[in-house]
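Please take a moment to look over the model shown here, and then follow the text as it leads from one part of the chain to the next.

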Amino acid sequence: MVLKFVFELESNNGVIEKILIRAAKKLNVKLGLSRDLKNLYAYVDGNEEDIENFSRELSKQLPMSVFLKSLNAEVVEEFKDDFKREFPEINLPPCPKCLSEVKDPQNANYYNPFHHCEVCGYKNVELRIENGELNYKKIFENLGNKLKNEGKIYIQTMNGKFEVTTDLENAEQIVAVDLAAVATYFMSFEGDAKALGSIEKPLVNLKTNLNFKKEYGLSNPSFLVKLPDCMVLELLCEEIKNDIKLLALRKSEKSEDFSFEVSNNDEIPLAVVTDTKNKDILIAKGDRSLLPKFEKYLGKDIYAYNGKYVAFSKDDKTVIYKTDENKNSSVKLPFGGYFGVLNQWNLQEKVTMGFAFYKENENKIMINSPKFGLVEYIDFEFKFNDFNEIFASVKVMNETGVKLIENFKNKHPELFENALKANLNTKKRGIAFLWGLIGIVIGLADSIDEAYEKLLFYANSAMTKKGPRIDYKMNGKNLDPLWAIRTAMSFKLAGADNYLLSFGVLESFAEFLSNTYETVNKESPLEGAVIVGDMFEGEFLNKIYTYIKKNFLTYTPKALPLSGAIEAYGACVIKSKS
């Protein structure tokens, strides 16, 4: 009897595969593995009892993953095993097996924070255990008691040194002891729970609810929230979970309460849970549990960079990894990002539209087709030296522009004067530059960089699903930024608050991009949209992905963040064709 498991799985980093191999080895059953672009297939050959035991063991060991979309099983005739069992060594939060062992008083690894296995753990942790009888249970009891009594401790975790405190104000991250605590204090839904509870343990931006505001006396609209993502935090939360439900983390230089050697520089993933029907989970940034990554061999030995990320094609695969060096590729980021995704999903011979948007690099909408090649459809390049130039340009647009500037000057004289004095020097380009301008004129800050970041914060914290419609209009083959600026000013005049207005700025541009796709698709059918670049995060990523996903296929970097590693891989892809 052969039972075939079908895992719809984007990642090929080996997490699910290694758990399957471990379970089969433990039960001494025959296991075959195979995969295609979309699915991982596991074949279990044995009698009915063998298969029942394997299924039971798998249910205990198998974690949730942000990359695992579905799991099905069926009885088949053919046994298949053509998957090469070679996996990258990644840093990964604890797997279910290790978590159960460290909480079992009868297990040799009881309360050992350095316990790991062939699936999970941190490969670059240097243990400093002088005494084999070191009582870790007592250590974590003491840490928990100090936290309860003093409200603050300084510890080393697998992801850096932190001040861990019960004072949640200005927290850089919040650790919830479990999903029940998340449900109690935050507005979280099914997709959020899956992301938080996955083995990747990403950060998720969650809005606070009334319980949070009443109990903690804070008006913070949202926080970056995660569950314990290493054994240190896991065991600490085990000690305090009956008394403390939420902890604030702030980066620190100190770790006098619990210290060990670790050289982990991985960035914790930041997930965006979309409003799509299936609540798709996208990784906006971060590389822990994602790198190194194996991709297909590109036909010849070649390498390319993007910042600290490297892609190296050799022998039978391409390895994407992170280094301490910082190098720039000769391949422009939008092209690297677009072609990296195209190659990952085998889209080179399909007609697609690519949205490649970067905060400090070019913003482009491109179309790639096997017949015409790459077409740069829309660029987003504009620059203003000061708001004198902007206000003067709005005035000459039409009579309404003149009235708008006068009304704004009279009703919001402070905002008007501050905008005139604002510093527009920045590395921001394209849409990020435009949103910084809007942030300045509506009073969020007096510099492009700060105004941009605050506009994102307000938009991501807004308690709304719909914002005011900001005008994004074309001027030939480029966007005319003045329409967006003037409609934002109009809504500010009408009394729109900064949360609602900021949300509208992001949402309206996402809708503009979606409408652009639909317009082209009606004239010449497209086979999918590619979304890539570091501008895509938070509500902006959610909205553009959700709008397009309603009716069309949408592709993002496969088991990678929206920017960083994918451009290095794409640069390698482009070089391989030369």
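Lys359 is buried, because its relative accessible area is 14% and a residue counts as buried when that value is under 20%. Its partner in a salt bridge is Glu537, and the closest N and O atoms of the two side chains are 2.8 Å apart. This pair links distant parts of the chain, since Lys359 sits in the loop between β19 and β20, whereas Glu537 sits in the loop between β24 (529-532) and α17, 178 residues apart. Glu537 counts as buried too, with a relative accessibility of 13%. Please keep in mind, here and in what follows, that the model is predicted.

A second salt bridge also involves the loop between β19 and β20, for the side chains of Glu362 and Lys332 meet with a distance of 3.7 Å from N to O. Here again the pair links distant parts of the chain: Glu362 belongs to the loop between β19 (352-356) and β20 (364-369), and Lys332 to the loop between β18 (317-327) and α9 (333-344), with their positions 30 residues apart along the chain. Are these two residues buried or exposed to some degree? Glu362, at 14% relative accessibility, counts as buried, while Lys332, at 46%, counts as partly exposed. Neither residue of this pair stands apart from other charged side chains, as salt bridges that share partners join Lys332, Glu362, Lys364, Glu376 and Asp379 into one network.

A further salt bridge is formed by the side chains of Glu325 and Lys327, with 3.7 Å from N to O. Glu325 counts as partly exposed at 45% relative accessibility, and Lys327 is likewise partly exposed, with a relative accessible area of 32%. How many salt bridges does the model contain? The count comes to 44.

We can now turn from pairs of side chains to the spaces that residues enclose. The second largest pocket holds about 870 Å³ of space, and its lining is made up of 34 residues, of which Glu8, Glu10, Lys69, Asp280 and Lys549 lie nearest its centre. Several elements contribute to this lining, and β1 (2-9), α6 (190-197), β15 (281-285), α17 (538-549) and β25 (554-555) each supply at least two residues. When the lining of the second largest pocket is sorted by class, 16 residues are nonpolar, five are polar and 13 are charged.

Strand β1 also holds Phe7, and this residue counts as buried because its relative accessibility is 0%. The C-alpha atoms of Phe7 and Phe312 are separated by 28 Å, and the two residues lie 305 residues apart along the chain.

Besides pockets, the model has one cavity of 30 Å³ or more. The largest cavity holds about 90 Å³ of space, and of the 13 residues that line it, Ser11, Val15, Ser65, Phe67 and Glu200 are the closest to its centre. Which element gives the largest share of the lining of the largest cavity? That share, three residues, comes from helix α1 (residues 15-27). The lining of this cavity divides into five nonpolar, six polar and two charged residues.

On the surface, Met187, Phe189 and Met463 form a nonpolar patch, with about 330 Å² of accessible area together. Phe189 is placed in the loop between β9 (186-187) and α6, and it counts as exposed because its relative accessible area is 56%, a value over 50%.

Finally, a few places deserve attention for the geometry of the backbone. A cis peptide bond, with omega of about -5°, joins Leu291 and Pro292, and Pro292 is in the loop between β15 and β16 (293-296). Lys201 has a phi near 45°, which is a positive value in a residue other than glycine; Lys201 lies in the loop between α6 and β10 (203-208) and is buried, with a relative accessible area of 12%. Asn346, which is also a residue other than glycine with a positive phi, has a value near 55°. Asn346 is found in the loop between α9 and β19, and at 42% relative accessibility it counts as partly exposed.

Technical notes:
Residues are numbered from 1 along each chain as its sequence is written. This is a predicted model: local features need pLDDT of at least 70, side-chain atom pairs count only at pLDDT 80 or more; totals for chains, interfaces and linings use all residues. Side-chain values use heavy atoms; hydrogens and water are left out. On a 1 Å grid over the protein atoms alone, a cavity is a set of points where a 1.4 Å probe fits but cannot get out, and a pocket is an open set with protein on both sides within 12 Å along at least five of seven lines; lining residues have an atom within 4 Å of a point. Grid points are joined across faces, edges and corners, and a volume is the space filled by probe spheres set on the points. Helices (H or I, at least four residues) and strands (E, at least two) are DSSP runs, numbered from the N terminus. Ala, Val, Leu, Ile, Met, Phe, Trp, Tyr, Cys and Pro count as nonpolar, Asp, Glu, Lys and Arg as charged, and the others, Gly among them, as polar. Patches are made of residues with over 30% relative accessible area and no salt bridge: like charges are joined within 9 Å, nonpolar side chains (Val, Leu, Ile, Met, Phe, Trp, Tyr) within 5 Å. Accessible areas come from the Shrake-Rupley method with a 1.4 Å probe; for residues, only the protein chains shown count as cover. A salt bridge is a side-chain nitrogen of Lys or Arg within 4 Å of a carboxyl oxygen of Asp or Glu. Buried means under 20% relative accessible area, exposed over 50%, partly exposed in between (1.4 Å probe, protein chains only).
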